[in-house]
Each structure stands twice: as structure tokens, then as C-alpha cells.
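Visitor: I'd like to learn how to read a model like this, feature by feature. Could you walk me through one?

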Amino acid sequence: MNEYTRRRFLGSAAAVGSVTAVATVVPDAPTAEGAVPRAAGGGACGPATGLVQVDRTDRRYPDLVGRGFNGRFRGKPDTVYVVHTADQVVDAVDRALKAGRRIAVRSGGHCFEGFVDDPAVQAVIDMSEMREVCYDPAKRAFAVEPGATLGEAYRTLYLDWGVTIPAGVCPQVGVGGHVLGGGYGPLSRRDGVVADHLYAVEVVVVDASRRARKVVATRNEGDPNRELWWAHTGGGGGNFGIVTRYWFRSPGAGGTDPSALLPKAPESTVRHIVTWDWSALTEEAFTRIIDNHGAWHERNSEADTPYASLHSVFYLNSRAAGNILLDTQIDGGLDGAEDLLNDFVAAINEGTGVEPAVQRSTEPWLKGTLANKFDTGGFDRTKSKGAYLRKRWTADQTATLYRYLSADSQVWGEVSLYSYGAKVNSVPETATATAQRDSVIKVWMSATWMDPAQDDANVAWIREIYRDVFAGTGGVPVPGDHTEGTFINYPDVDLADPEWNTSGVPWHTLYYKGNYPRLQRVKARWDPHNVFRHALSVRLPD
């Protein structure tokens, strides 16, 4: 992984000061369900922690409100509830509603926009202590709590059963919101998005009586709550309730052997990191590289491609970073894995006249997966945008990319191109709430910086490059011949702003395509009072 680049382009929680006060545990709150955990030496730890309520005078408050990904946003809720069980979530929601407080939910804290750190939010329900990963024989599925990180889920699923889920590359991301948006990662071309393997959810909802309760919804055809499950397969977070448990089992997986119920993890990862220095990149060479990259994905994104397990991220960094970088990997268990990567890199560089630097490595799958720990070095202020490409960039779009990225600017901008398609595109767009099932590249554009005084310059840069790249469709990637909208886990409030979205296509069509009315019906049934809401949440039907 390009540590130098990622340090500057991925944000995390900024350091915050502390205040002194006493800790608060809510009296009479329910204790955790299940067996009492064992302490070292065979002793018992005692009853699990009760519901914890933290207010602004508590010394833990700055840490809990400073867990967000984007340093541009810092909320000031009246209360943060740290929960450990689903019953505690029910209790916390009821308490917040009784007090008339606006609710938001945080698991891993990697939201790009300020949905949790919104000044209007008065109560945050923090799921970070709900981290269990286990096998549930009653459901023949793997149960994962939303506070577990992807790294924790990967480690337990692999070491205990040899399986995995096709989720994201960053081990620090929380399972909670990642799954809800239909998360993807290095194994998605081989195995689909993570939501394709979601069997069931346990959700705390608020019914018509304005009381919280737990509901379990599965993908079983006869389940009366099935639509609630469907909405959580790509409908995004903060819409319908609070997920307190996910169960994963691949569609069609049978039997009771846990090791056969999810995809097998690769035995190893073969990786090539390829860099082109900006000093050697003419516009002609840059254009050829981008066209080659898009053409390769058009040719090699069917479900049966021999490159199904290939994953690549092309970091088109601005000139200030010094280079552009292609990070690509493939299942080392494949015959000829090294040759497949060599052929891929050669295809991307063909006809450029520029010789890139290539670093090659092979390592065990889990070691490589958990090693992707992104140190931002304090560069935690960010603005992000996304898109799906059904076809390669047009000549005008590539010229626009070059103009912005090659400019002599102090903005640390990036356009990342993620390999996509293959198995992802074998699922009908209405089978899950993840509607984009005909794209070959996923795009993430970002600017990331440290100094608040640079906010205006950086936000202007990312807004303008995005607008100009998609100028032909009103400044946004309208679903159509070349683009297929964008990814709800890359939330961007500009899409709801007519100044930046002049397409006439509403933001929800960009995220959900034709699935949005169905999501609205789920919203009306399970959150009729619109308790769970933010700037881009599913709206109640008119």
C-alpha cells in the first residue's frame, strides 16, 4: 500500500482535549445477554457492563465525540450512550426519545460527511463496544456485531473457520455502516459485495407508538420482515433503525459445516505496486495510461474472467504527491498468478513510452490484509465524492483529469479508480438495495488536508474537478450509458444542492436508481416518525 499517499488522503479522528469529571453508568440498565466472559486464570469477569451514559462534563466525552473520520465536523451532543447489547440499544433509544433528543448512531466512525457530528444531533448511540464475531448454529450463519472492525471480523472468521467476507480494505472501518451501504473490497470481483452475503439483521426500530423494539429480518422468502432485510443490503446507514447484529451466509450455501458457508479466503496475496513519476508523465502518456486502464476493465469484468480475483486501486494523485500509483493484487493460489499481474501491468502501460517502477511481493492473506493500517499523520480534514463507470473515461474527461491533477497546486487531491464488476454484476439490481450492477470501475475523488485555513481551497478543488469531469451530465454521474450513479458509502451532500447538481436528476436516483421508492416504503413501515434521519437519509413517501 502506498503509505506516503494514504497518509495524506485518508482521514481519521483528530486528537481532542480532555475535561475532568466523574463517570456515569445509567442505573437499572439491562446487562449483557449470554454467558459471562472468562477472565485469565479461569475466573469470571462478572456481569457485563451496563448502559453507559456520558454527558459533556464527563472526561470520556471528548474521545467519544472526536471519533469521526472527518476533522471538518465536530458534534456537541448532550449525551453519548455507550451500549453493549441490543436491549441496551432499545433502552438508550427510548431514553433519547423521552428526552426529545435527535438521535445518531456511530460504529466505526468512518463517515465522510457530518451526519453523526451534526449540531442538530443531541444523542449519539456509540456501538463500538459491541464487537462479537461468532458462529450461530441456530441460523447456520456467522454473527457479527456492528462495533467490530473489519480487521476483527477478518481475523476471527479466517483463523477459526478459514472463511471471509468480501468487505473493505481498511481494517479500522467498523462493520456497522460498511455493510449497510453494500460495502466492497479486494474480493468483490470474485465474491460480490459484502451485502450479497448478508443473511439476516437484528434491528432496533421505533414503531408507530414511538417505542423502540428489536426486530430480526432475514432473506428467507417467507419472512414477513424480509423487506427490512432487503433495505439493509445497500440502503445506507441512519435510515430505518439501528442494526445490533448481522448474520452472514452466502446464498446457496448448505449444510452445517461453518467452513462451507462463506467464501474461502485466498491462501496468499501476490501484489504489485506500480508508480509513474509526474516528472515523466506527459499529457499523452497520462491519457494512454488512463485509456488502457479503462479498456482493460471493459474487456475483463465478466463473472468468469480469469482475473476475477484481481483487485487494483489506481491512485491518480495530484502533482503535489509526486507520482500516480497502481496498487494491484491477486489470489496467490491461482496458477500463474504472477504472470496474470505482469500481464495486467503491461496492458496498462502499453504504448506510453514511460517505464514505471514496480515493487513485487507475496505474503499470507491475513497478514497482508491486516497490514493495511492507514496512518493519516494528522491530515484528517477531507471532502469526498464518488462515481461508478460503466465504460472507460471519455477523451474530454481524461483531459479534465489531467488538467486538474497535473496543475502546480498545493492541494493534495486524488482520484482513485477501483477495479469493479465481475461477480458484482452477476446479481440483479433489485435483488439487493445495491443497485449499481453494471459498472466496471468505482471512483472515489477526494481532497485531504490538515489546516482549517485551507478548507475553502480544498473544498473548491474537489467540487470543481468533479463538476467538470461530469460536465456532460450536469456535474454528476447520472445513470446512463457511461456512468451508473454513485456509492452511498461515499456520501456527498453536494448532490442535493442544485448549485453543484444541475442535472435535474435527484440525489437519491444517483445513489439508489430505481430502488428508491421501495426503500421509501420500508421507511414508512419501520420508521414512520422519521426518527433516524440525516442530510441524505431515505425520505418518507409523500
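Visitor: Let's start with strand pairing. Which residue in S13 is the bridge partner of valine 274?

Guide: The general idea is that strands of a sheet pair through backbone hydrogen bonds, in either a parallel or an antiparallel way. In this predicted model, valine 274 has valine 358 as its bridge partner in S13. On the S12 side, the partner of valine 274 is leucine 326.

Visitor: And how many bridges join S10 to S13?

Guide: Eight, with the two strands running antiparallel. S10, residues 268–277, also pairs with S12, residues 323–331, in the antiparallel sense, this time over nine bridges. Another spot to click on there is isoleucine 273, which stands opposite aspartate 327 in S12.

Visitor: What is the strand order in the open sheet?

Guide: Reading across, you get S13-S10-S12-S11-S15-S16-S14, seven strands with antiparallel pairing. The edges are S13 (357–364) and S14 (381–389), each of which pairs on one side only. Ignoring direction, neighbouring strands in this sheet are turned by 15° against each other on average.

Visitor: Is S10 mostly covered or mostly open?

Guide: Mostly covered: nine of the ten residues in S10 are buried. As a rule, side chains in a regular strand alternate between the two faces of the sheet. Here, have a look at helix H9, residues 337–349, which lies across S10, S11 (311–317), S12 and S13. The angle between H9 and S10 is about 20°.

Visitor: Now for empty space. How many cavities of 30 Å³ or more are there?

Guide: The trick is to roll a probe the size of a water molecule over the atoms, which shows where empty space is left. For this model the count is five cavities of 30 Å³ or more. The largest holds about 150 Å³ of space, and 16 residues line it. Closest to its centre are Pro186, Gln329, Trp365, Thr369 and Asn372.

Visitor: Which element supplies the largest share of that lining?

Guide: That's H10, with three residues. Both S10 and H10 (365–370) supply at least two residues each to the lining of the largest cavity.

Visitor: Proline 186 came up just now. Where is its place in the chain?

Guide: Look in the loop between helix H5 (175–180) and helix H6 (188–191). Proline 186 counts as buried because its relative accessible area is 14%, and the cut-off for buried is under 20%. Setting aside neighbours within four places in sequence, proline 186 is in contact with Ala167, Gly168, Val169, Ser309, His311 and Gln329. By contrast with those contacts, try proline 119: it sits 67 residues away along the chain, and the two C-alpha atoms are separated by 36 Å.

Visitor: Let me try another loop. Is asparagine 501 buried or exposed?

Guide: Buried, with a relative accessible area of 9%. Asparagine 501 is in the loop between helix H12 (455–469) and helix H13 (507–512). Not counting residues up to four places away in sequence, asparagine 501 touches Gly474, Val476, Asp494, Leu495, Trp507 and Leu510. You can also check threonine 473, which is 28 residues from asparagine 501 in sequence and 9.1 Å away in space, C-alpha to C-alpha.

Visitor: How many disulfides does a search of the whole structure find?

Guide: First, the chemistry: a disulfide is a covalent bond between the sulfur atoms of two cysteines. The search finds zero here.

Visitor: Why has cysteine 111 no bond to the closest cysteine sulfur?

Guide: Because that sulfur, in cysteine 170, is 14 Å from the sulfur of cysteine 111, too far for a bond. Cysteine 111 itself is partly exposed, at 27% relative accessible area.

Visitor: Last one, the backbone. What is the phi of arginine 140?

Guide: Most residues other than glycine have a negative phi. For arginine 140, phi is near 50°, so a positive value in a non-glycine residue. Arginine 140 is in the loop between strand S5 (133–136) and strand S6 (141–144), and is partly exposed at 24% relative accessible area.

Visitor: And where does asparagine 530 lie?

Guide: In the segment after helix H14 (516–526). Asparagine 530 has a positive phi too, near 55°, and is partly exposed, with a relative accessible area of 23%.

Definitions and conventions. Residues are numbered from 1 along each chain as its sequence is written. This is a predicted model: local features need pLDDT of at least 70, side-chain atom pairs count only at pLDDT 80 or more; totals for chains, interfaces and linings use all residues. Side-chain values use heavy atoms; hydrogens and water are left out. Two strands pair if DSSP finds at least two bridges between them. Helices (H or I, at least four residues) and strands (E, at least two) are DSSP runs, numbered from the N terminus. Axes are lines fitted to C-alpha atoms, for helices over the stretch in contact, and angles run from 0 to 180 degrees between N-to-C directions. Contact means heavy atoms within 4.5 Å. A disulfide is a pair of cysteine sulfur atoms within 2.5 Å. Buried means under 20% relative accessible area, exposed over 50%, partly exposed in between (1.4 Å probe, protein chains only). On a 1 Å grid over the protein atoms alone, a cavity is a set of points where a 1.4 Å probe fits but cannot get out, and a pocket is an open set with protein on both sides within 12 Å along at least five of seven lines; lining residues have an atom within 4 Å of a point. Grid points are joined across faces, edges and corners, and a volume is the space filled by probe spheres set on the points.
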